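Colleague: I should like to understand the terms used to describe this model. Could we go through them in turn?

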Amino acid sequence: MNQQTAKSDEDMERRLAAYVGRQYGAIYAWDRVNAPMIRHWAEALDYDYPLLDPEIAKSTRHRELVAPASMLQVWLMPGLKNQRLPVLTCPTPRTFQDSGRARLYRHHRNGLRPGIFPRPLKVGELITTSTIVEKVSERKNTRLGPGYFTTFLQEYHDEQGGVVGTMRLRILRYHPEGQRLKQLPARPAPPQPGISQDTAQFWEGLKQNKLLIQKCSDCGTLIHPPEPVCRNCQSLDLGTIEASGKGTVFSFVVAHHPKVAAFDYPHPIGLVELDEGVRIVAPLTGVDPGEIEIGMKVVVEFDNVEGQNRLPKFRPS
Amino acid sequence: MDRKLSGIASIAGIGATEFSKDSGRTEMRLAVEASLAALDDAGIEPAEVDGICTFTMDNNPEVDLHRMIGGRELKFFTRINYGGGGAAAPLMQAMMAVATGAASVVLCFRAMNERSWYRFGAGTPSTENPQYTNANHYAWYLPAGLNTPASYVGMAARRYMHKYGATSEDYGRVSVSARAFAATNPKAFFYEKPITLEDHQASRWIVEPLHLLDCCQESDGAVALIVTSTERARKLKNKPAVIRAAAQGATAGQHRMTSYYEREDLTGNPEMSLVARQLWDQSGLSPRDIQSAIIYDHFTPFVLTQLEEFGFCGRGEAKDFLRSGEHTRTGSLPINPNGGQLGEAYIHGMNGIAEAVRQIRGTAVNQLAGIENMVITAGTGVPTSGLILGRD
């Protein structure tokens with residue numbers, strides 16, 4: 001963050017703090033509570049509102065059509081042209097509008113707690129609303145970007161000033177600079193093996209999903225990890241055989257720390273004794289770390305990630 | 001067995017810096033401070049140092065240290081491979097140099113900022129030329145996520161538990177005893193911070209079956225030791241700690257820290273067995289002649305196997321030895337009375353050698369009664385080394 005931005009943020013914080021506890025409004029509804037809007041709203045939501053039937057309405061304790069409580073905000077909506085009735089007792093502070101400095105901040109509606117509706121609205125009533133800024137958080141670093149959680153208390157009043165509804169809104173105003181953080185980086189590759197002329201055949205075999213074990217052409221000794229010479233007879237004439245891929249867990253650990261980005265933790269790693277008789281270290285997969293036991297039968301499979309050496313791992317068979 | 005090396009050389013001086021997590025000065029300076037302190041302790045002039053030995057992973061060149069302490073002629077300098085496994089080997093080198101006349105005053109040292117400059121236990125990088133044997137070696141572990149000494153030891157520890165019925169609590173008993181000694185050693189990092197077995201069990205996993213409290217700490221600090229002839233040592237300021245025996249060991253199927261492949265099982269330290277046999281042979285001593293031991297405790301599981309390799313208890317019986325508390329302050333063989341590397345500091349075994357010298361002199365903070373001979377071991381799971389030090 002450059003110095004100028006930091007200064008602006010500080011300025012923003014100071015201005016936001018100044019609004020806390022003050023009331024803004026009132027905003028007047030375009031229209032009085034009326035039956036056609038109730039019907040259109042119910043139709044739009046595919047809501048079979050029973051009180052639209054005058055007979056049913058009469059049978060309720062209200063004795064007449066009343067607006068559904070969940071319509072409360074609808075009466076105060078600015079409409080398609082986003083305009084308000086130009087009767088404002090006090091303008092909404094521009095800090096909270098998408099203009100000026102605030103354009104750097106986007107909205108994210110963080111929470112809307114259930115409203116409280118002391119009484120239903122009757123046809124013919126005129127509603128106003130006003131807003132109290134209850135709380136502005138300190139600057140928070142969120143996944144969307146740095147910003148401020150602002151809690152508003154909205155009150156809805158009738159013409160006598162009586163409260164007909166309250167609602168709390170929490171809005172995150174954030175700077176979108178953090179947006180790119182949402183994209184998780186691709187998982188890094190495991191540490192890649194150092195491959196030499198003595199060991200290349202093993203890694204080449206993996207490319208074809210083959211687990212190749214070095215075998216002395218003279219005395220038949222199987223050797224893993226591969227080496228430049230047979231340790232049994234010192235022959236330099238060495239070949240490979242393809243392992244069945246079946247084996248047994250000879251020992252294992254479950255790694256927790258330090259973590260390598262390539263793996264999920266806890267990360268179980270086995271020392272697997274292949275049926276052919278040699279041992280190999282490889283991750284264990286497809287098994288809960290708590291279920292692994294020495295002697296467990298396993299079978300090889302191959303990790304195949306574009307551009308990386310193919311690596312073996314073992315799962316219970 | 002030819003015993004002509006036994007008793008010829010002695011440790012005449014010991015020196016150390018404080019042990020911390022951030023020394024605030026260079027490793028070279030730590031080496032200089034510890035070396036000068038050891039020479040002062042011995043009562044030998046720095047200009048007399050004509051041999052220097054250390055072991056790998058130390059970043060301080062011998063010639064720089066020699067120059068800085070005011071050395072004149074350096075006739076013998078060696079650096080033993082395999083990190084902590086080499087801890088006792090410089091003493092073997094020094095002993096042989098003194099016995100043959102190759103050098104007369106040999107400085108052995110270790111100086112590292114292994115906590116503040118780097119994280120010694122953070123795993124092994126694989127940045128070398130892939131054709132090198134070393135890089136090839138790591139190819140069999142790092143891609144699988146087996147990347148720390150704790151994980152290498154864990155593989156063997158699991159097998160040991162499986163075979164002998166040892167438990168994580170048995171490993172914990174090693175830590176609890178070490179921390180009890182450290183709690184009464186003001187130089188220990190964990191001075192006045194004892195732990196219980198419950199603390200050990202509740203500590204987080206590092207690599208199952210190893211908890212955090214199965215792993216020694218990472219420390220900044222330095223230790224230096226001065227070796228000269230026993231004949232000369234007798235005339236110096238402090239009582240000599242006589243080198244009764246010193247040996248190295250690597251055995252069939254040996255890999256660096258992952259000898260998983262050619263050995264029948266992973267439930268022992270055959271390289272330490274080889275060291276032990278040589279030490280008994282060279283010194284003419286046996287387990288019953290030993291009153292206390294410094295058993296390398298980078299990770300608790302290999303303390304059990306080492307006790308077995310030296311014959312302090314039978315194969316697979318170390319768990320019973322620990323359960324009856326034989327390794328504690330009041331046991332038959334108190335081990336690591338300085339608090340060990342688990343409790344005092346991890347100076348790769350060198351602080352343990354210095355503790356053995358103090359015990360033999362009778363000047364240790366946790367002084368044990370009747371110390372005549374002590375076994376000291378170096379890092380395990382790797383090609384290793386060991387010593388027997390005794391009273392003159």
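Modeller: Let us begin with a strand of chain B. Gly51(B), Cys53(B) and Phe55(B) point one way from E2(B), whereas Ile52(B) and Thr54(B) point the other way, and all are buried. Please note that this is a predicted model, in which local features need pLDDT of at least 70, side-chain atom pairs count only at pLDDT 80 or more, and totals for chains, interfaces and linings use all residues. Residues are numbered from 1 along each chain as its sequence is written, chains are lettered from A and ligands numbered from 1 in the order in which they are written, and side-chain values use heavy atoms, with hydrogens and water left out.

Colleague: What makes strand E2 of chain B mostly covered?

Modeller: A residue is buried under 20% relative accessible area, exposed over 50% and partly exposed in between, with a 1.4 Å probe and protein chains only. Five of the five residues in strand E2 (51–55) of chain B are buried. Strands themselves are DSSP runs (E, at least two residues), as helices are (H or I, at least four), numbered from the N terminus.

Colleague: How do you know that E2(B) is joined to strand E3 of chain B?

Modeller: Two strands pair if DSSP finds at least two bridges between them. Five bridges join E2(B) to E3(B), residues 76–80, and the two run parallel, so the pairing criterion of at least two bridges is met. Cys53(B), for instance, has Thr78(B) as its bridge partner in E3(B).

Colleague: Why are E10 and E11 of chain A called edge strands?

Modeller: The open sheet of three strands has the order E10-E9-E11 (chain A), with antiparallel pairing. Strand E10 (222–223) and strand E11 (238–242) each have a single partner strand, so one side of each is left without a neighbour in the sheet. Two bridges join E9(A), residues 212–216, to E10(A); there, Lys215(A) is partnered with Leu222(A).

Colleague: Why is His224(A) called buried?

Modeller: His224(A), in the loop between E10 and E11 of chain A, has a relative accessible area of 6% and is therefore buried. Contact means heavy atoms within 4.5 Å. Leaving aside neighbours within four places in sequence, the contacts of His224(A) include Phe202(A), Trp140(B) and Tyr261(B).

Colleague: How do you know that chain B agrees with a compact globule?

Modeller: The radius of gyration is taken over C-alpha atoms, and the globule rule is 2.2 Å times the number of residues to the power 0.38. For 392 residues the expected value is near 21 Å; chain B has 19 Å, which agrees. Of these residues, 64% count as buried.
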